[in-house]
Amino acid sequence: ASQKVRGGVVRGELGRQAYLQSKVLGRPSPMAMQHMWKTREDLTSRRGAFSERERGQGDYCPVCWRVKGDLVLCDDSEDLRHMVEFGDKYYVGCSPECCRTLLSEAPNYVLGDPPLPPSLPKRLSPAAAAVVPTDALEYKGYCAVTFKQGPPAGQPIQAALLKPDPAGQDPLHMAEYEGKTFRMLSADKLELFMRRPHEYSQLTLPVKLPFDKVQAKVDELPLVGYLEETVVKSMQVALVDIGRRRPRFPGTGNKVSALVYLSLWLRANNPLNSRGEGERRAALLAEYTATCELLTRDAGELATQLSVDQILPSPVAPDSVTTLKFHHATLVEAHDWVRNHLE
């Protein structure tokens, strides 16, 4: 404990020397460890134009605002490591890099009007956000940041209109700006809004809006709704895989081959499978796929040797293992093949 106290005293003395030396030279002065010599009243009353502590906001970083146009609130530190004194006022950087920039070029960032925009965003606490009525939210409660960022490639604009899950356990992420209340999907989205609220406050919603999600028990839904909530995503992935592979079981038509492949795929990728059952189903799917591809050959090397563009089938001997497996598979239908392998 005594060593820790001694170290704090040493850091305080070094910080005091650096502060006094900068003051003598007329330069911006580092305030690190100056809380040991400054009173709380002095540290509060001499905040510069980038401080909104009187309105309960804190200190904004002058460097981020002047360079990037970002409103970044600085974290409070007991040792004042990121604070700089210039012109008898105190300013705070949001990072060591911004603090060093203030120490070297403070006049370029703290002087000039206006220091901050007239309207500033205010982050709402979880307790305050919980009592905000839904009809008081801007954009009908949709996340402004997600809407501004736009939908994924190839998706309609409605795909960017998202609301937090009403049944989720995450805290509400809300902010007030220009007399309006905005709700975001996550803490990251809220941080983006707090930095540049003017970019997200003047958006226009499309005329056609998506339907709000209604919480309902899956087992109480009609058949179509039950399938949509349980297997639709898996079906989409499986159908894309079928379109890519185009399975054709020997001696069986395309439709039946694809349906059998679909059933095997869904069973192999069932999230409720035990580890052993999942491995068994996956092995059966792999074997079925290999049987469908018995006479399919990638002859890329042969095409390269012959200097041709088309892919040629490689020769298969009549008595080869591949041919024998193919003829054996043609003796049964795909359904029977699967049934035999499950026994």
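# Briefing: helix H4, the three-stranded sheet and the nonpolar cores

Glutamate 52 is buried, its relative accessible area being 13%, because residues under 20% count as buried. The model is a predicted one. Helix H4, which spans residues 96-110, lies across the strands S1, S2 and S3, and H4 provides the largest share of the largest nonpolar core, namely five residues.

**Surroundings of glutamate 52**

- Glutamate 52 is located in the loop that connects helix H2 (40-45) to H3.
- Apart from neighbours within four places in sequence, the contacts of glutamate 52 are Gln57, Gly58, Tyr60, Leu116 and Leu120.
- Leu116, one of these contacts, is also listed among the residues with the most contacts inside the largest nonpolar core.

**Geometry of helix H4**

- H4 comprises 15 residues, yet its end C-alpha atoms are only 17 Å apart, whereas a straight helix at 1.5 Å a residue would reach 21 Å.
- At serine 104, shortly before proline 107, H4 has a kink of about 95°.
- Just after H4, a positive phi of about 105° is found at glycine 112.

**Packing of helix H4**

- Cys98, Cys99, Leu102, Ala106, Tyr109 and Val110 are the buried residues of H4.
- These buried residues pack against helix H3 (62-68) and against two strands, S2 (83-86) and S3 (89-92).
- Relative to S2, H4 runs at about 40°.

**The sheet**

- Three strands form an open sheet in the order S1-S2-S3, and their pairing is antiparallel.
- Strand S1 (29-30) and S3 are the edge strands, each of them pairing on one side only.
- Two bridges join S1 and S2 in the antiparallel sense.
- Proline 30 has valine 84, in S2, as its bridge partner.

**Nonpolar cores**

- The largest nonpolar core contains 25 residues, and Met31, Cys61, Met83, Leu102 and Leu116 have the most contacts inside it.
- At least two residues of this core come from each of H3, S2, S3 and H4.
- Leu102 appears both among these most-contacted core residues and among the buried residues of H4.
- Methionine 31, leaving aside neighbours within four places in sequence, is in contact with Tyr19, Lys38, Leu43, Asp79, Leu80, Met83, Val84, Glu85 and Tyr90.
- A second core, separate from the other, has 17 residues, including Ala258, Val260, Leu262 and Trp265.

Technical notes:
Residues numbered from 1 in each chain as written. Predicted model: local features only at pLDDT ≥ 70, side-chain atom pairs only at ≥ 80, totals over all residues. Heavy atoms only, no water. Helix = DSSP H or I, 4+ residues; strand = E, 2+ residues; numbered from the N terminus. Expected span 1.5 Å × (residues − 1). Bend = angle between axes of the 7 residues up to and from the residue. Buried < 20%, exposed > 50% of the residue type's maximum accessible area, 1.4 Å probe, protein only. Contact = heavy atoms within 4.5 Å. Pairing = 2+ DSSP bridges. Axes fitted to C-alpha atoms, helices over the stretch in contact; angles between N-to-C directions. Core = buried A, V, L, I, M, F, W, Y, C linked by side-chain atoms within 4.5 Å.
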